[in-house]
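Hi everyone, thanks for coming. Today I'd like to talk through some charged pairs, so please have the structure open in front of you.

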Amino acid sequence: MSAPVTGTSAPVAPAAGQVRRRAVVRGVVQGVGFRPFVHALAGELGLAGWVTNTADGVETEVEGGEAAVAEFCARLAADAPPLAVVESVRHQAVPATGGGGFAIRPSSGGAGRTLVSPDTATCDACLAELADPADRRHRHPFISCTHCGPRFTVVTGLPYDRARTTMAGFPLCADCAREYEDPADRRFHAQPVACHACGPVLALVTDAAAAGDRLSGEEALAGARRLLAEGAVVAVKGLGGYHLACDASNAAAVTALRRRKDRGGKPFAVMAGSMATVERLARVGAEERALLVGRRRPVVLLRRRPGAASLVADEVAPGSPDLGVLMPYTPLHHLLLGLPGDPPGPAVLVMTSGNRSGEPIVTDDAEALVRLAGLADAWLTHDRPVRVPCDDSVVRISAGRELPVRRSRGYAPLPLPLPLSVTPVLAVGGDLKNVFCLAEGRRAWLSAHVGDMDDLATRTAFESAVGHLSALTSVTPEVLVADRHPGYRSARWARERAGGRPVRRVQHHHAHVAAAMAEHGLDGSAPVIGVAFDGTGYGDDGAVWGGEVLLADYDGFRRFAHLAYVPLPGGDAAVRRPYRMALSQLWAAGLPWAGELPCVAVCRPGELRLLERQLERNVACVPTSSMGRLFDAVASLVGIRHHVEYEAEAAMELENAALAAGGLPGRGAYRFGLPTGPPEEGRPLPVSPGPVLAATVADLRSGVDAGTVAARFHGAVVSLVREVCLRARHRTGLGTVALSGGVFLNTLLAEGCTRFLEEDGFTVLRHREVPPGDGGLALGQVMVAARTTSVRPAGQDRESR
């Protein structure tokens, strides 16, 4: 629905002393109540004129006394609505025309660019109406206003009007239309506005084969709540796709969901209906509380309280001291958990992505009945389409600041400012935890979390998401950027879709470091010491890198130091079975495979002999310098984890053991081996884990517990980072260190490195806007590509400046 013209009157000659100004407001100014705000502001100041949405943002003209017009222009940014993000206000004098009244004109298209708001949690005003029996939207599952509700996941095009959302198929009833057209109403030009009479309708399907036989409306909701209380798994359609929900206190229901989803031991996130419930589950600091109740509502990783099992079964996050918690962010969530006076139901729900392991989150209703069959016992759905998948964001607080683990709902598609202007570019990211990035000028738009690119459905979702974000941002890429890994499906997609455009290839760890630089506004005029620790990244020599210290800017990098290469026996087999990595590390360090060591004891004799021959003959043994694989090896060596079912499981359990033992040791930390003499010219420092492994074995034989060994190992990694950065500064004079890569999601390690480096006088760059793992990779790819004016083929990319 386009905006009607309101408050118009016939033009008259302008009065003496009248001035008129035109203002163009850019930023997140559509779908957030900006035009109603402008209308009200003009009315308050007694100004005539008009306002409209354009492809550039919001454009307005006002006319009146000079002081009132000046105040209007000043308050456009200062008093903007709560969801608005005003990037700029450009205004100019235009001839006065006379006339009175203020009009909201129909939206206009054309060239330009505006910004779309992320989906936003239900506001307090709407929640009050939801629970008020006297309100006409009492218990309406889709209640929203200009200050809350769906945005990104329902927008189909710009300018942002109802006709360009997935609400286009729901004509407004007379009551909603009056609110929509009333400048004094909170729902004035709120595009997702609806009510029981004209909005989407809930439906409960209990038999996918007979989907036409369903409950609707309040009966559907009551049925879903009853099923959850009885221990069923219900697929619930949310803002950006389906969740799988069950009673978090019901161990049998959680176990069934884990088995059906082939989840292994990976923790589930849970949704709690109130802060009082959250505080019974976990310890909540001020920063965590702000995230839990704020408008973004991500999953927040919290330290679990002892005795929380009455609300959350141990099977929700087996063996983990942390719990991923989020609070309701849609009216349907609030209704599902129950309003005052509702029949009792689960106080806490498991809320996990509606998909099978390795697949993208399901958004289509018909597809949900097929892809989630066998996982869900019932489907609580509705008829408002989801335009683009958008999974929940995940964050944690580290050193008092937000650390993104997954940046998605509530954050995408807000742009990030860039320190340099870039030509239109699409960076396709990596193959794990894929997030792509579109950029032009001084803005970069990261997509919502896409997932792992090894599944066809994920690649299809990736292509659709690229088209959607391209349409919303008006970015037509002239360059594509991908990782250098020859087998990455994301890189293959870029080559196949290039259509004659150049495809730039960027080394994985260079992109990690560049992402940290960009996030902190560095223009690349000076290099940084980049510490890039992760599990896997294709190196320029064909090895698997991951324990890297680089001297890097956007133009290039030089490898200053790295973990010494060890064989990765069997590739992915060693990743899934950390005991193989432990045996490889011992073999490379010249340490015997003693039978009392846990990693040796867990390996069958026949496999042990085969592995020994494999290592001796170097068969299917890619060399790796990965710090992530070293964490895996130590986790197995001390007996904490020998097999993994999800990425970084062993490393996270090793960190948890170290934290339980008191964190970084005051003394007694192990030491890596570093050359004592001057390094060979042009060759990176080799870092040997041999002394760490030898000390670990000695401690285990002496009866030192696994937690203490884990803490001493973490201390060794912190000391290594400190020592190598000091050497780099001594040789180069560089004083800024960027910490990046998935290993730095380990807060014990990240906070320890930061503390000691800052004590040594370094400026330390840590991720706060994008994840340190592969979810932030595309931002770094953009910045590296931006520094190349004439793009070279991948084989000609230079390593050093």
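Let's begin with a question: which residue forms a salt bridge with R641? Keep in mind as you look that this is a predicted model. The partner is E649, and the closest N and O atoms of the two are 3.3 Å apart. R641 has a relative accessible area of 23%, so this arginine is partly exposed. E649 has just 3%, which is under the 20% cut-off, so the glutamate counts as buried.

Salt bridges can also share partners: R20, R22, E59, E61 and E63 are joined into one network that way.

Now please find E87. Its salt-bridge partner is R443, with the closest N and O atoms 2.1 Å apart. E87 sits in strand β4, residues 85-94, while R443 sits in strand β20, residues 437-446, so this pair ties together parts that are 356 residues apart in sequence. And how accessible are these two? E87 comes out at 40% relative accessibility, so we call E87 partly exposed. R443 is at 16%, and therefore counts as buried.

One more pair for you: D322 and R303 form a salt bridge, their closest N and O atoms being 3.3 Å apart. Here too, distant parts of the chain are linked: D322 belongs to strand β14, residues 322-326, and R303 to strand β13, residues 299-304, with their positions 19 residues apart in the numbering. D322 is buried, at 13% relative accessible area, whereas R303 is partly exposed at 29%.

And how many salt bridges are there by this rule? The count comes to 42. Thanks, everyone!

Technical notes: Residues numbered from 1 in each chain as written. Predicted model: local features only at pLDDT ≥ 70, side-chain atom pairs only at ≥ 80, totals over all residues. Heavy atoms only, no water. Salt bridge = Lys/Arg side-chain N within 4 Å of Asp/Glu carboxyl O. Helix = DSSP H or I, 4+ residues; strand = E, 2+ residues; numbered from the N terminus. Buried < 20%, exposed > 50% of the residue type's maximum accessible area, 1.4 Å probe, protein only.
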